[in-house]
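Hi there,

Here is the structure I promised to pass on. Please open it alongside this email, and then read on for what turned up.

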Amino acid sequence: MTYGISTGLEERAATIRQEVEVAATGAGRDPGGVTVVAVSKTFPRALVDAAYDLGFRAFGENRVQEIRTKFEQPLPDDARVHLIGPLQTNKVRQAIRLVHRIESVDRVALIETLAKELPKQGLRCSVLIQVNISGEQQKSGCEPEGAGDLVRHIMEVPELTCDGLMTMAPYVDEPETVRPVFSRLRELREHLQQLSGLALPVLSMGMSRDFRVAIEEGSTHVRIGRALFGER
Ligand SMILES: *Cc1c(COP(=O)(O)O)cnc(C)c1O
C-alpha cells in the first residue's frame with residue numbers, strides 16, 4: 001500500500017471490528033447486531049471513500065454545510081449519511097435532501113418543521129430522538145421525561161419513522177464511569193416501546209472511547225470517528 005491519507009485505516013478498521021466482536025460476544029450478543037457508523041466529520045471525502053471500500057456503509061456528519069460539499073459527488077446507493085449534530089430548523093429543508101437519518105431530533109419545533117418540509121419534497125426520513133441522559137448543561141438532547149412526547153409527535157407524521165434513541169455520554173477518562181448513561185437509555189427505550197407500541201430497534205450510543213461499554217449495554221449503532229480515522 002502506498003503512503004497516503006488512508007494509511008493505517010485498514011488496520012484501525014480491523015481493530016475496531018475485532019473489539020466490537022469481543023464486546024458483543026462477551027455480552028452474549030450477536031456482533032452482527034452492532035453497526036459501526038463511521039464518523040467522518042472534519043475528514044475529507046477521500047477517507048469516506050476509503051472506508052466505503054473497507055465495507056463501511058453508514059457515515060456520521062454533524063454539519064449540514066459540510067455534508068453538502070463533501071457529498072456533492074453522490075455516494076454509492078447503499079451508503080447512508082446520518083446527521084449526528086444539532087439541527088437548526090432553518091437547515092431542515094437542505095438536510096432532508098442530503099441525509100438518510102437524523103439522529104439528533106430533540107424538540108417539537110424540529111418535528112413540526114420536518115412535517116412541513118418532507119411532503120413538499122416528496123421525501124421520507126428516519127429519525128432518532130437524542131436524549132440528554134447525563135443532564136450536562138452543554139449537551140443537546142431532550143430530557144428523558146420529554147422523550148415520550150416527542151415519540152407521539154413523530155408518530156403523527158407519516159413521512160417520519162421513529163427508529164430509536166441516541167445519546168452522548170460525558171467525556172471521561174474511564175469509560176466504565178458512563179455505563180449508567182447507556183443502561184438508562186436502554187431502559188428508556190423499553191419504557192417508550194411499551195408506551196408507543198413501536199419497535200424502536202436502534203440504540204445509537206458509544207463513541208471511540210466508550211463503545212465497548214455501550215455495546216455491553218445494548219448499543220446497536222456505535223458512532224466512531226477518531227479511533228477509525230485518526231485525531232481530528
Ligand atoms: C464527533 C462525534 C462522534 C465521534 O466521536 P469520536 O470521539 O471521534 O469517536 C460521535 N457522536 C457524535 C454526536 C459526535 O459529534
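Below are some notes on the ligand site, followed by three loop residues to look up.

Before anything else, please keep in mind that this is a predicted model.

**The ligand site**

Where does the ligand sit? You will find it in the largest pocket. The residues around it are Val-39, Lys-41, Ile-84, Met-168, Met-207, Ser-208, Arg-223, Ile-224, Gly-225, Arg-226 and Arg-232. Sorted by class, this shell consists of five nonpolar, two polar and four charged residues.

Three polar contacts are worth displaying on your screen. For Lys-41, a polar side-chain atom lies 2.7 Å from an oxygen atom of the ligand. For Arg-223, an N or O atom of the side chain is 2.8 Å from a nitrogen atom of the ligand. With Arg-226 the backbone is involved: one of its polar backbone atoms is 2.9 Å from an oxygen atom of the ligand. As for cover, the ligand on its own has 390 Å² of accessible area, and the protein covers 94% of that.

**Two residues with positive phi**

Next, have a look at Thr-42, in the loop that runs between β1 (35-39) and α2 (45-53). Its phi is near 70°, a positive value in a residue other than glycine. Is Thr-42 buried or exposed? Its relative accessible area is 52%, and the cut-off for exposed is over 50%, so Thr-42 counts as exposed.

Leu-200 also deserves a look. It belongs to the loop between α7 (179-196) and β7 (202-204), and it has a positive phi of about 40° although it is not a glycine. Its relative accessible area is 2%. Because buried means under 20%, Leu-200 is classed as buried.

**One more loop residue**

Finally, there is Glu-136, placed in the loop between β5 (125-130) and α6 (147-155). With a relative accessibility of 21%, Glu-136 counts as partly exposed, because that class takes in values between the 20% limit for buried and the 50% limit for exposed. If you would like a distance to check in your viewer, try Glu-136 and Val-99: they are 37 residues apart along the chain, and their C-alpha atoms are separated by 27 Å.

If you have only a few minutes, I would begin with the ligand and its contacts to Lys-41, Arg-223 and Arg-226, and then move on to the loops.

Happy viewing, and all the best!

Methods
Residues are numbered from 1 along each chain as its sequence is written. This is a predicted model: local features need pLDDT of at least 70, side-chain atom pairs count only at pLDDT 80 or more; totals for chains, interfaces and linings use all residues. Side-chain values use heavy atoms; hydrogens and water are left out. A residue is near a molecule or strand if one of its heavy atoms lies within 4 Å of it. A polar contact is a pair of N or O atoms within 3.5 Å; within protein, one must be able to donate a hydrogen and the other to accept it, and residues adjacent in sequence count only if both atoms are side-chain atoms. Accessible areas come from the Shrake-Rupley method with a 1.4 Å probe; for residues, only the protein chains shown count as cover. On a 1 Å grid over the protein atoms alone, a cavity is a set of points where a 1.4 Å probe fits but cannot get out, and a pocket is an open set with protein on both sides within 12 Å along at least five of seven lines; lining residues have an atom within 4 Å of a point. A molecule sits in a cavity or pocket if more than half of its atoms lie within 2 Å of its grid points. Ala, Val, Leu, Ile, Met, Phe, Trp, Tyr, Cys and Pro count as nonpolar, Asp, Glu, Lys and Arg as charged, and the others, Gly among them, as polar. Helices (H or I, at least four residues) and strands (E, at least two) are DSSP runs, numbered from the N terminus. Buried means under 20% relative accessible area, exposed over 50%, partly exposed in between (1.4 Å probe, protein chains only).
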